Amino acid sequence: MAPITSIDDWIRQRRKALDLTQAELAELVGCAVVTIKKIEQGTRRPSRQMAELLAEALVIPAAERDTFLRMARHQFVEPAAMSFADSKALRTGGDALLATVDENVRADNFVGRAEEMARLEAHLTAALNGRGRIVLISGEAGYGKTMLMTEFARYALDRYPNLIVAGGNCEALIGAGEPYLPFRDALAQLTCDVETPGQSSLFSRDQARRLWSLLPYAAQILLQQGPNLMDVFVSGARLQQRILSHPIAADRCRVQLDVLAKGAVQQRNVPQRKLFEEYTQFLRALSERQPMLILIDDLQWIDHASAALLSYAVMRLSGSRILLLGSYRPSEVDPGAGSSFSEGEAETHALTPLLQVLMRRYGDIEISLGQSTPQVDRAFVDALVDCEPNVLAESFRAELFQHTRGHPLFTVELLHDMQERGELIQDELGRWVESGVIDWDTLPVRVEAVISRRIGRLPAILQEALKIASVEGDTFTAEVIAHILGITGWELVQLLSGIAGRQHRLVTVQGHLRLGSQLLSRYRFVHIVFQSYLYANLDAFERTYLHEALANTLEKLAAERTEEVAVQLARHFEVAGLTARAVKYLQEAARKAVALSAHHEAISHLTRALALLSELPDTVERTRQQVRLYTDLGISYKIIKGFAADEVEQSYRRAKTLSTPAGDSFLRASVLWGYHGVYTVRGDLATGYASAQECLGLVKEDPILCVACHCMAGASLGHMGRLRAAQSHLERAMEAYSPQQHGKHLYLVGFDLGVFTLAHFAHALGYLGHVDQALQLAQESVELAQSLNHTFSRVMALSYQSMLHQLCGNWRAAQATSASALQLCVDQDTPYYLAWNNFIHGWTLTEQERVEQGMEQMEQSLADLQAVQAGLRRPYYLGLLAEAYGKVGRIEHGLRLTQEALAQARRQEQLAFEPDVHRVRGELLRQNGVPAEEAETCLRAAIERAQQQEAKLPELRAATSLARLYQEQGRRDAARQTLAPTVAWFSEGYDMADLRAARSLLETLA
């Protein structure tokens, strides 16, 4: 590029390098087109504000912005060249994108949908004006849903030069098991990933240029606002390559690329809510620059994860410049079914809940293609015939309509068939005419028969290729099929793109998929009716043979990245009767789904794998695999249902009842941990502790389990009031803990064991009266979780820290910590810890004379905990709530709560909370004006229970309450003798509210 000596030259060259028209630049800056023309002609000098807007729109790098602004004000600067982003470099990257576009693909004629197109145009106009929305096209197979979507998108691209179109397809045979499939395709297209399938039929050179110009903005928004979408919805490595190949994107994203280059740790198992939020924010932010049309075809095959994302996004389209256009078959979506995730129960279609909400909330957003009339259908036939020059008589048109009844797909295919058979020919003027008398009685009467005749005209090798393709699915891979046929991939690509694609219009190009070093060419049948027909005409033996051949070939070609095609491999191996290999890939697909936070899909894969395993002979390996599957199932149910849900218990119970093979102590420990967690969170400490005791016996077999086993035991014993024993186990766990060595336990338990151990250790020391040490350990737990960059561990550490601050009576610290935890709980979608921290936050309100508000929040939290079957610490919660009732004079209600709390503490051995509940009950009795002996009995019981547990903190509170009672009775010596020894014991925690209050009371008793 020649050196730049004037601002008009700089703006003009920069605009062209970005592939922007003067009109597009004017829109970005917010001025008239004539203003840009005059600036580029050098006849108008931009104002300072205009220059800054131009610098932003033209993505002038920070290092050169000052020079740009000075030149814009006609200040002299030395000649400079745009070395950072010359147009040649931009063209090189853009050419790679444009090279993937096949402009020779011929589309079928589109006719007869004027009313529908007008309605879609109205919806798009509203979206362009900032009223984003969703529109659904419904209709059965062959009625032209996809054609309508495609043609409208082409029309919109032609009419609106600034519009961006992207989208994806839900696939019939694997779509429901492949999380986020259409949304992954859409995001890949929006970031110029040409190796990803999707709405490839729209990928014109003009669309490619638009996407290439958009890349700097799309990449920056994605890296800034959607970091968790990396390697979930779009390949981070491929995105980085595209950014570096685009000089402007590379400059604009320099800071984010530096972060990626330094290997910043990405959190995995990000909750769906967080993924949905980031994806939606990305779309909204991008639409602020350029309006978008997002297409999702064949929603009847949508997976649950995509349906949930679609539902989330749709509710947040308002105010955006986004039109989301989807299509589905009503017959395959039952809007009246009930919903359940449970194993063995009938499931609602993934799309049904969204359809119900949309119908209630938005009303008429559906365009139905199935409610036609004979007049409309006949008009379609005439329009289709007349889309090309012809002299076909009314008699021909009437017979054609009578034969097809205006069914769009049947009519189109029958006309193609008649043309290929020579029954319709073109005269010397290029007009279609009848070649002779057409025998309508011999013509096919169903679309499948037309397809049979059309396929029968293909070369034999191509017919065989399409048969194999039908086994792979509606989308298929050229290289896989070529390997089975014994020809090269290039040979088959030529046949598919040429004869089957451009000539016969049976398949379309879908793009490429790269698995490691293997590049795979993806194609799609133009309509699933073609795939269904071919597959239906294979007998059982042919299907079995071809499924096995496809599986073996795909497994070989994808050897480096089988997790990317695990769903397909599992399906093929299952149909081929190779059950063990199907199970292997179902589990691999489930773990991939878990990594994507698509737990519904994971549960589906795992449940199917378990059903298949039951068909295999009873061997040690089968048992081992069943245990693994049940533990994986337990983890997914735990996340979507809660720690103590029935489905979680059933999964771990089934795993536990299996005879775990000898020597696999880690597998056995994973089952015991899950079992322990279910019953501990439910509050059944005896059952939970039994699992911990059994797990301790495994430590000799596998020392790395020392942390997990002693941590389990320590946690159980702490809640049971056996504090010294708990301390001993937790100390041993911390001595053995290593963040590097025990990293694999993250998958076992879902959080870091060191963080968990420190948190429980802090609580044990707090009850024992070592308050300063406890607070220090709690802080170390939080800092460890932060250093590990594991969000769920942070949630847990902050939750325990907020509760410890409550135990120490520090409402300010408890309020701040619970607020931090609550934000993470919302992001992580963890109802258990959310209810926990809401309760602590409610308690802090009661300490600030906002008692009624605090009590309401505490009561709601108790209901939320009960909803997820969490009974752990309920006596503790009830005791605090009863204390709050005492503050507002509702003594009887508080006493009932303490009675319930004591009964549950004894029944479930949650004895650590018993001393404080006895104390609260004694205080309430004292307030209620009953004989002092009753209150004294409760307070003495509180002290005795605390002393039995060596729980100095509860003992201090109980002794203070009893001393006050004695003081009121005039028994000052008894009061002093009760309180002084306990106060004297403390050698730390002098800032603690309870200790300050006790010391103050002693001074008054002196």
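# A tour of the helices, starting at α41 and α42

Begin by selecting helix α41 (residues 851–867) together with helix α42 (residues 874–887), whose axes come within 10 Å of each other and cross at roughly 155 degrees. Because angles over 145 degrees count as roughly antiparallel, α41 is roughly antiparallel to α42. The model you have open is a predicted one, and the angle and distance are values computed from it. The crossing of α41 past α42 is left-handed.

Next, display the side chains of this contact: on the α41 side select Val 851, Met 855, Met 858, Glu 859, Leu 862, Leu 865 and Gln 866, and on the α42 side select Arg 874, Tyr 877, Leu 878, Leu 880, Leu 881, Ala 884, Tyr 885 and Lys 887. If you colour these residues by class, the contact of α41 with α42 divides into 11 nonpolar, 1 polar and 3 charged residues.

Keep α42 on screen and add helix α40 (residues 831–846), whose axis comes within 11 Å of that of α42 and crosses the α42 axis at roughly 25 degrees. Since angles under 35 degrees count as roughly parallel, α40 is roughly parallel to α42. Here, too, the crossing is described as left-handed, with α40 passing α42. To see where these two helices touch, select Trp 836, Phe 839, Ile 840, Trp 843 and Thr 846 in α40, which meet Tyr 876, Tyr 877, Leu 880, Leu 881, Ala 884 and Lys 887 in α42. By class, this contact of α40 with α42 comprises 9 nonpolar residues, 1 polar residue and 1 charged residue.

Now move to the loop between α40 and α41 and centre the view on Glu 849. What is the sign of phi at Glu 849? Phi of Glu 849 is positive, near 65 degrees, in a residue that is not glycine. As background, most residues other than glycine have a negative phi. Is Glu 849 buried or exposed? With a relative accessible area of 76%, Glu 849 is exposed.

A second residue of this kind can be found by selecting Glu 909, which lies in the loop between α43 (891–907) and α44 (914–927). Glu 909 is not a glycine, yet its phi is positive, at about 60 degrees. The relative accessibility of Glu 909 is 33%, so this residue counts as partly exposed.

From that loop, step into helix α44 and select Glu 914. At 5% relative accessibility, Glu 914 counts as buried. Which residues does Glu 914 touch, when those up to four places away in sequence are not counted? They are Leu 902, Arg 906 and Arg 945, and showing these three beside Glu 914 gives a view of its surroundings.

For the next stop, go to helix α9 (residues 181–190) and pick out Ala 186. Ala 186 is buried, its relative accessible area being 3%. Leaving aside neighbours within four places in sequence, Ala 186 is in contact with Ala 166, Gly 167 and Tyr 279. It is also worth drawing a distance from the C-alpha atom of Ala 186 to that of Asn 169, since these residues are 17 apart in sequence and 9.2 Å apart in space.

A similar distance can be drawn in helix α39 (residues 811–828), where Ser 820 is placed. The C-alpha atoms of Ser 820 and Ser 799 are separated by 9.1 Å, with the two residues 21 apart along the chain. Ser 820 has a relative accessible area of 39% and is therefore partly exposed.

Then select helix α20 (residues 447–456), in which Val 447, Val 450, Ile 451, Arg 453, Arg 454 and Ile 455 are buried. To see what covers them, add α19 (408–421), α21 (460–472) and α24 (528–536), against which the buried residues of α20 pack.

Finally, zoom out to the whole protein, which has 48 helices and 10 strands. Of its 1006 residues, 58% are buried. Among contacts between residues at least 6 apart in sequence, 70% join residues at least 24 apart. If you switch to a surface view, the protein exposes about 40,100 Å², of which carbon and sulfur atoms supply 50%.

Terms used:
Residues numbered from 1 in each chain as written. Predicted model: local features only at pLDDT ≥ 70, side-chain atom pairs only at ≥ 80, totals over all residues. Heavy atoms only, no water. Axes fitted to C-alpha atoms, helices over the stretch in contact; angles between N-to-C directions. Helix = DSSP H or I, 4+ residues; strand = E, 2+ residues; numbered from the N terminus. Parallel < 35°, antiparallel > 145°, perpendicular 65-115°, else oblique. Left-handed = near helix turned anticlockwise from the far one by under 90°. Contact = heavy atoms within 4.5 Å. Nonpolar A, V, L, I, M, F, W, Y, C, P; charged D, E, K, R; others polar. Buried < 20%, exposed > 50% of the residue type's maximum accessible area, 1.4 Å probe, protein only. Areas by Shrake-Rupley, 256 points an atom, 1.4 Å probe, with all protein chains shown as cover.
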